[in-house]
Structure formats: C-alpha cells, structure tokens
Amino acid sequence: MMTRKELDLWVGLFAVLGIGAMLFLSLKVANLLSSFSSADVYPIKAKFENIGGLKVRAAVKSAGVVVGRVGEIRFDNESFEAVVALNIDSRFQFPKDSSAKILTSGLLGEQYVGITAGGDSVNLKAGDTLKLTQSAVVLENLIGQFLYNKAAEGDGKK
Amino acid sequence: MSGRVVELIRELGARIVNSWVWRLGFACRFLWITLKESGPSFRRFHLTIREIYFAGVLSLVIILVSGLFVGMVLGLQGYDTLVRYGSSEALGVLVSLSLVRELGPVVAGLLFASRAGSAITAEIGLMKATEQLSAMEMMAVDPIARVVAPRFWGGVISMPLLAALFSAMGVFGGYLVGVRLIGVDEGSFWSQMQSAVDFREDILNGVIKSAVFGVAVTWIAVFEGYDAPPTAEGVSGATTRTVVESSLAILALDFVLTALMFRGL
C-alpha cells in the first residue's frame, strides 16, 4: 500500500500534466495569447459592394503580413453595401488613403482582406472608413462577364 | 389467443418498467444522494486523492499511448487525402480540430470507461458482495459518503485532464508523423492550426464535453457497482453493463453536445 505522501505526489504530477496539456492546447494549438485581443486594436470600417465568402475573424493582411482580424460584418440598408469592421493591431498605422481588397489565398483557400497602403501623410484613426475598396471576385460574375465579352466579340466580327 | 397477447404485452411492459424506468429513477436518486453526501470527499480530500490516483494516474499510460497512436494515424490518413488536393499544409488543422473537438473527449472517455469505470464498478460491487458496505453502515459510516462520493469525484476530476492529455499527445503524434516523418512544412503546420483552432469554440467546448462524459461514466460506474447483485455473477454482469452503458452514453451525449455546440441549434 502506498503512503499518503506518495499518493499526493502522483496525483499532483497527474494534475500538473493535465493542466499542462490544457495550456498546451490553448496556447500552442489555439494560439490564445497572440490572437489580437480587443485591448490593443483599433477599429476601422470598409464598405464593399460584395464580400463573397468573407467571414468574421478572417485575417486582415498588408503585404502578406497579418495585421488584424475582421471584427464584424453587417449589411447597410441605406447604401445596400456590406460594412466590414476591421480590427487593426495598434502597432500598425496606415495612411488615410489606403485601400482594401477582398482576396483569396490560393485557388480554393479562404478569403481575407488585403490592405494596400496609400501615400497620405495623415494616418487612419479609430472609426475611420476606408474610401477605396475592391469587392471579392465572384466566380459566377466572372464567367458571366467572360461570356458577355465573347458574345460581344462575335457581334463585332459580323 | 387474445389472452396470450395481453400476457405478452404485460410481460414486456413489466420488463421495461422493472429493468429500465425503475433503475433510471433509482440512478437519479442515487446521483442526488451522492452529490448531497459529497461534502466529506472534499473536507477529507485525501479520500478523493486516492481515487484520482486509481482512476486518473493509473489510466495515464493507456491514454498517452493511444493518444499518440491516434494522432499518428490521423497524420498518415489525413496527409494521404489532403495531398490529393495539394493542401497538405492543412494537416495540422485536420489533426488538431478532429482531436480537440471529437476524438480527444470521446476516445479518452471510452478508454476511461473501460479502464477506470469497470474497476470502480467491480470494486464497489465486490465491497457489497462481501458485505463491507453493510459493515460500514453498522459502524454508522455512510458508505455513500465514504465509498461512493470520493470515487465519483475522483472520476469527474480525472476525466477532463485525461482528455486534454489525449488531445495534446495526439497533436504531438500528428506533428511527429506529418512534420518529422513525411516532411510537411513545420511553420505552416503550426500556423494554419493556430489560425483555425479557436479557444472558446474548440478547446473550451472539448473540455466541456469531456467533463460531461466524466460525470456520465463515473455516475454509471458507481451506480452499477452499488446496484450489483451481491454475487460473483452479479458483479461480473454489472462490470460488463458499466462498459456497455457508458460507451453508449458517451456516444449519444456526444451527438447531443455536438449538435448544441457546433451547429448553433
């Protein structure tokens, strides 16, 4: 029979291991600490005609580097556009005339917002809206446009 | 003729009421008494520590080894499929999500039921068969507070830790096979995993699942032990029932919890 001290030691070791596994899962697998928390981000807005398959928590990248996350997506019933709130890490500042695009990583990858820096000397502040945006590429529209162009070409040749 | 049919229906009803409804009601009452009498298992925490040792520490080896192998198999199988679509970097996402959301809690729960649950049932059942429980009552020691509650809490505390260890070992196994053996890029393995796995959505829901399974398995185990007919045959039957019932309970609860958590029902 084990003494109580030995028992305590083993159970303590077990608890440490188990909590360590939980920490590993939250920190290394889910990356809890370095996902941008609300404390050190500033929100900006961007209006898009069409956001395609963009989702909340999608990455916001500039020059390929993740600089923030998509916070909220809603529909503006006055301009009939999608309003996307972007939470940008406050370490990164962008000029006021920067532009946002919805891009796709790879051919079938997930969609993200790409920010291209402009040349203005004034930086974006919290709550500002990006003026220049480019919508997501929707495959159906692209095919429709292609067919339309082909048809127009055919008409021209006649 | 109609008399025999009525007799048959009556017998069926009696069997269902006696072996299912009655036992379910007794099990619920038993859980309530266990919870009410669990004060001593926290005031005299060494009783619970002893049970955590038997349920948790002694299950470590089987949990760690099977977690490692499940992760390694996921790595191999996942790579085989993903490489066809040219997205073998998503291996980390596949391994970690399937482990954290499903396989970790469920497989750890099944192993826990057969490793620790059956042991709890056999122990309590044998105590009952050898009249140790009655002897305790004779000495004014409540067997539920002294024997059942510490085992219950020991299992409930051990299960989430074991499931977390299973998932962590599985991710490590997937990493070993994917990155070390096959040669998937290490950076994208981890970074895609980190961007896909959410703390609240995935990790926390997995922990909640494993806690629910822990309660279900240990409840069934202590109840079956306490309810076992005090014979050798009865104890062996109760042990078998523990494993069968808790495996079914885990799988059914898993469906319900998954529907609630991930589908937003």
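**Note on the two-chain model**

1. In strand 6 of chain A, A:G114 is the bridge partner of A:K61. The model is predicted, and this pair belongs to the contact between strand 2 and strand 6 (residues 111-116) of chain A, where 2 bridges join strands that run parallel.

2. Strand 2 (residues 59-62) of chain A is also joined to strand 3 (residues 65-76) of chain A, here by 4 bridges and in the antiparallel sense. A:V60 has A:G68 as its bridge partner in strand 3 of chain A. Strand 2 of chain A therefore has to be read with two partners in mind: strand 3 of chain A, antiparallel, and strand 6 of chain A, parallel.

3. The link from strand 2 to strand 3 of chain A is a hairpin with 2 residues between the strands. One point to check on the backbone is A:A63 in the turn, which has a positive phi of about 55°.

4. Strand 1 (residues 41-48) of chain A pairs with strand 4 (residues 81-89) of chain A over 8 bridges, in the antiparallel sense. Strand 1 of chain A is also joined to strand 7 (residues 129-130) of chain A by 2 bridges, and these two strands run parallel.

5. Which residues does A:A46 face in strand 4 and in strand 7 of chain A? In strand 4 of chain A its bridge partner is A:V84, while in strand 7 of chain A the residue opposite A:A46 is A:L130.

6. The domain assignment splits chain A into domain 1 (1-34) and domain 2 (38-143). Between the C-alpha centres of these two domains of chain A the distance is 41 Å.

7. Chain B has 10 helices and 0 strands. Read from the N terminus, its elements run α-α-α-α-α-α-α-α-α-α. The C-alpha trace of chain B spans about 65 × 60 × 35 Å along its principal axes.

8. Of the 265 residues in chain B, 43% are buried. Taking the contacts in chain B with a separation of 6 or more, 86% are between residues 24 or more positions apart.

9. How many residues of each chain are in contact with the other chain? Chain A contributes 18 residues and chain B 23. On the side of chain A that touches chain B, 13 residues are nonpolar, 3 are polar and 2 are charged.

How values were computed. Residues are numbered from 1 along each chain as its sequence is written. Chains are lettered from A and ligands numbered from 1 in the order in which they are written. This is a predicted model: local features need pLDDT of at least 70, side-chain atom pairs count only at pLDDT 80 or more; totals for chains, interfaces and linings use all residues. Two residues are in contact if their C-beta atoms, placed from the backbone, lie within 7 Å. Ala, Val, Leu, Ile, Met, Phe, Trp, Tyr, Cys and Pro count as nonpolar, Asp, Glu, Lys and Arg as charged, and the others, Gly among them, as polar. Two strands pair if DSSP finds at least two bridges between them. Domain bounds come from an automatic or database domain assignment. A residue is buried if 20 or more other C-beta atoms lie within 10 Å of its own, exposed if 12 or fewer, and partly exposed in between; C-beta atoms are placed from the backbone.
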